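Subject: Handover of a structure and the findings from it

Dear colleague,

Please find below the structure that I am handing over to you. My findings follow it, arranged by region, and I would ask you to read them with the structure open.

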Amino acid sequence: ERMTFDILHYALLTAERAVKIMKQKQRNEEEDEMMRVLEGTNVSGQVAPDSAEASVQMFLRFLQNEYQWGSNSVKAVLNELSRADVTSVSLLAMCWSDVQAHFPFGMRRMVEKELKNRNMIP
């Protein structure tokens, strides 16, 4: 009985370690993706991720990093915005009243706050 318990305990510890490693790997991949999106911004005249000329993807990834939003939520919003042909932050601001329903409530409030802070919406 003790040997069985020890084997099960070891299997559980191994599984927990594997899950931690997988989660860390996923976080690292998300960070790498974010860095690829943000790489080179604000250098030699390139577009800043939070400027009106930035892509919506770059803007939302920038805010995702700042507000710790889940990748799945951001991807879902980006898919909806893509279907609505909203590709830049300036377009997002211009049609905010029409597209805000695509955002989860908490994310919607933060995006609206950020757009207001940049004087892009009233």
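Q68 is located in the loop that joins α2 and α3. Please note that this is a predicted model, and that everything below was computed from it. The phi angle of Q68 is near 60 degrees, a positive value in a residue that is not glycine. Most residues other than glycine have a negative phi. As to its surroundings, Q68 has a relative accessibility of 64% and therefore counts as exposed.

A second residue with a positive phi is D85, a non-glycine residue whose phi is likewise near 60 degrees. D85 is found in the loop between α3 and α4, the latter covering residues 89-94. With a relative accessible area of 59%, D85 is exposed.

The overall architecture may be stated briefly. The protein chain contains six helices and zero strands, and its elements accordingly read α-α-α-α-α-α from the N terminus on. Of the 122 residues in the protein chain, 30% are buried. Among contacts with a separation of 6 or more, 47% join residues that are 24 or more positions apart.

I turn next to the packing of two helices, α2 (residues 56-67) and α6 (residues 105-117). Their axes are 11 Å apart and meet at an angle of about 110 degrees. Angles of 65 to 115 degrees count as roughly perpendicular, and α2 and α6 are therefore placed in that class. The crossing of α2 past α6 is right-handed. On the α2 side, the residues that take part are F59, L60, L63, E66 and Y67; on the α6 side, they are M110, V111, K113, E114 and L115. Sorted by class, this contact comprises seven nonpolar and three charged residues, with no polar ones.

Y67, one of the α2 residues in that contact, also belongs to an aromatic pair. The structure holds two such pairs. In one of them, Y67 and W69 are stacked, with 5.5 Å from centre to centre and 15 degrees between the planes. How accessible are the two partners, Y67 and W69? Y67 is partly exposed, at a relative accessible area of 22%, whereas W69 counts as buried, at 14% relative accessibility. The cut-off explains these labels, because buried means under 20% relative accessible area.

The other pair is formed by W96 and F103: the ring centres are 5.2 Å apart and the planes stand at 55 degrees, so this pair is tilted. Both partners lie below the cut-off for burial: W96 counts as buried at 5% relative accessibility, and F103 counts as buried at 2%.

Finally, I would draw your attention to V74, which is situated in helix α3 (residues 71-83). V74 has a relative accessible area of 0% and is buried. Which residues does V74 contact, leaving aside its neighbours within four places in sequence? They are L60, R61, Q64, W69 and M107. W69 is the residue that stacks with Y67, and L60 is among the α2 residues that meet α6. V74 and L60 are 14 residues apart in sequence, while their C-alpha atoms are 7.0 Å apart in space.

With kind regards

Key. Residues are numbered from 1 along each chain as its sequence is written. This is a predicted model: local features need pLDDT of at least 70, side-chain atom pairs count only at pLDDT 80 or more; totals for chains, interfaces and linings use all residues. Side-chain values use heavy atoms; hydrogens and water are left out. Axes are lines fitted to C-alpha atoms, for helices over the stretch in contact, and angles run from 0 to 180 degrees between N-to-C directions. Helices (H or I, at least four residues) and strands (E, at least two) are DSSP runs, numbered from the N terminus. Angles under 35 degrees count as roughly parallel, over 145 as roughly antiparallel, 65 to 115 as roughly perpendicular and the rest as oblique. A crossing is left-handed if the near helix is turned anticlockwise from the far one by less than a right angle, and right-handed if clockwise. Contact means heavy atoms within 4.5 Å. Ala, Val, Leu, Ile, Met, Phe, Trp, Tyr, Cys and Pro count as nonpolar, Asp, Glu, Lys and Arg as charged, and the others, Gly among them, as polar. Rings of Phe, Tyr and Trp (its six-membered ring) pair if their centres lie within 6.5 Å; planes under 30 degrees apart count as stacked, over 60 as edge-to-face and the rest as tilted. Buried means under 20% relative accessible area, exposed over 50%, partly exposed in between (1.4 Å probe, protein chains only).
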